[in-house]
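Subject: Structure for your review

Dear colleague,

Please find below the structure that I am handing over to you. I would ask you to look through it before reading my notes.

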Amino acid sequence: SADLPPIDTDDEWYDHDLLGLAVVDPAGAALGTVADVVHAPASDLLVVRDAEGGEHLVPFVRELVPAVDVPGGRVVVDPPQGLFDL
């Protein structure tokens with residue numbers, strides 16, 4: 001993806017930068033991996049695939065996704081109660 005311009009902010013990423021990143025909760029427990037990014041009208045959604053193959057949609061907003069560490073290969077998700085229980 002060398003033809004894409006660099007992003008010079010700390011809170012924007014290209015979709016391909018996020019795909020495959022480990023998704024962990026604030027305590028570091030594994031929740032799954034980023035399988036896709038959906039661009040919905042209200043907000044972007046991270047599609048998180050868990051170890052059992054289930055998929056969870058997480059609104060890509062700072063309140064729920066407080067940290068994205070592309071070089072470190074992980075995304076921290078602070079899900080509301082029940083989001084990953086479905």
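The following paragraphs describe what was found, beginning with the overall layout and ending with a single residue.

Please note that this is a predicted model. The protein has one helix and six strands. Starting at the N terminus, the order of these elements is α-β-β-β-β-β-β, so the helix precedes the strands.

Of the 86 residues in the protein, 28% are buried. The accessible surface amounts to about 5400 Å², and carbon and sulfur atoms account for 53% of that surface. Among contacts with a separation of 6 or more, 30% are between residues 24 or more positions apart.

The largest nonpolar core contains 17 residues. Within this core, the residues that touch the most other members are Leu18, Leu46, Val58, Val65, Val75 and Val77. Strands β2 (30-39) and β3 (44-49) each contribute at least two residues to the core, and β2 provides the largest share, with three residues.

Leu46 deserves a separate look. Apart from its neighbours within four places in sequence, Leu46 is in contact with ten listed partners, including Leu18, Val34, Val37, Phe60 and Val75. His56 is also one of the contacts of Leu46.

His56 lies in strand β4 (residues 55-59). Is this residue buried or exposed? His56 counts as buried because its relative accessible area is 5%, which falls under the 20% cut-off. In addition, the side chain of His56 forms a polar contact with the side chain of Asp50, at 2.8 Å.

Yours sincerely,
A colleague

How values were computed
Residues numbered from 1 in each chain as written. Predicted model: local features only at pLDDT ≥ 70, side-chain atom pairs only at ≥ 80, totals over all residues. Heavy atoms only, no water. Helix = DSSP H or I, 4+ residues; strand = E, 2+ residues; numbered from the N terminus. Buried < 20%, exposed > 50% of the residue type's maximum accessible area, 1.4 Å probe, protein only. Contact = heavy atoms within 4.5 Å. Areas by Shrake-Rupley, 256 points an atom, 1.4 Å probe, with all protein chains shown as cover. Core = buried A, V, L, I, M, F, W, Y, C linked by side-chain atoms within 4.5 Å. Polar contact = N/O pair within 3.5 Å; in protein donor to acceptor, adjacent residues only side chain to side chain.
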